[in-house]
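Please examine the sequence and the model below. The paragraphs that follow begin with the sheet, turn to the helices that lie on it, and end at the surface.

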Amino acid sequence: MKTKFIMVTDFYFSEVNGGAEANAEALIDRFKDCNYNIVKIKSEDINIEYLKTNKNKIFIFSNFILLKESCKQYAVDNLTYFIYEQDHKYIKSRNPIKYVNFIAPIEERVNIHFYNGAKKVLFLTKLSMEIFQKNTELDNLLNLSSSVWRKEELEYIKTIHNNKKNDKIAIMNSDNPIKRKHDCIKTCKKNNWDYDLISDKNFKNFLKKLSGYKKLLFLTGHLETCARIVVEAKMLNLKVITNKKLIGAASEKWYSLHGSELIDKMEEISANMPFKIVEALND
């Protein structure tokens, strides 16, 4: 019988339409595609008894802000687990952008014991792994080299990636201050660029809207561990205007690809991700 996994996350994608939630649920689907037994549970619903009952399973802790400290300690002492690192939970602010060379003061670092106890800490990109290593000096690290998408999502992107483009710039119409919507607007006005604010709670509808633009302006206020929106824009044949030093995806060799070549590369990486994680159990 194949290994049984439990994915732990603070929120489900149905509750919060964020990149971390999308990644976690896409990874679950990829495990199922490979015929692995995997279930999901919210971190706030976990207690010591649950961990004891499932002690023989492999845990993947994605978001774990709501996980009790006692459960973290039990995991360190008793479980085999991975941490799927997506948003710098080793720093109190969860954003290394505010520190020189992205290195936080020692007093700002948290959860190090929990990370150290993991079989591997899993990263989306080379950049996110390197910044983590500089801050923690841990070496139980594995770069998965990308965010993960469901097979059906990539197939859909392939049907719209050659859609006719207008000459405008797309800006995410997000109220999240990290996305710096107002700074993007100011940049467009300063340069006399024609732009539209785009949004849609439905993932496919949003991608379809995005596919009709020539460029995406993405001025993040965060060190992006990958930046799904940037990769999706490139798969849709948009030119991306951004600060590459803050974009994890830009640290990967495949970043030079676009359109169908990039879609195929994301399918290859996404499909192989469960096997890469399982192989790490033997390290």
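In this predicted model, an open sheet is built from 6 strands in the order β2-β1-β3-β4-β5-β6, and the pairing is parallel. Its edge strands are β2 (residues 37-42) and β6 (residues 141-143), each of which pairs on one side only. From one strand to the next, the twist averages 25 degrees.

At the β6 edge, the partner strand is β5 (residues 120-123), and the two pair in the parallel sense over 3 bridges. Within this pairing, F123 has N143 of β6 as its bridge partner. Helix α5 (residues 126-136) packs on the sheet here, touching β5 and β6. The direction of helix α5 makes about 160 degrees with that of β6.

Helix α1 (residues 19-33) lies across four named strands: β1 (4-9), β2, β3 and β4 (80-85). Relative to β2, one of the edge strands, helix α1 runs at about 160 degrees.

The surface carries a nonpolar patch of about 290 Å², to which F11, V16, I65 and L66 contribute. Of these residues, L66 can be placed in the loop between β3 (58-61) and α3 (69-78). Why is L66 described as partly exposed? Its relative accessible area is 36%, and the term applies because this value falls between the limits of 20% for buried and 50% for exposed. The value also satisfies the requirement of over 30% relative accessible area for residues that form a patch.

Notes:
Residues are numbered from 1 along each chain as its sequence is written. This is a predicted model: local features need pLDDT of at least 70, side-chain atom pairs count only at pLDDT 80 or more; totals for chains, interfaces and linings use all residues. Side-chain values use heavy atoms; hydrogens and water are left out. Patches are made of residues with over 30% relative accessible area and no salt bridge: like charges are joined within 9 Å, nonpolar side chains (Val, Leu, Ile, Met, Phe, Trp, Tyr) within 5 Å. Accessible areas come from the Shrake-Rupley method with a 1.4 Å probe; for residues, only the protein chains shown count as cover. A salt bridge is a side-chain nitrogen of Lys or Arg within 4 Å of a carboxyl oxygen of Asp or Glu. Buried means under 20% relative accessible area, exposed over 50%, partly exposed in between (1.4 Å probe, protein chains only). Two strands pair if DSSP finds at least two bridges between them. Axes are lines fitted to C-alpha atoms, for helices over the stretch in contact, and angles run from 0 to 180 degrees between N-to-C directions. Contact means heavy atoms within 4.5 Å.
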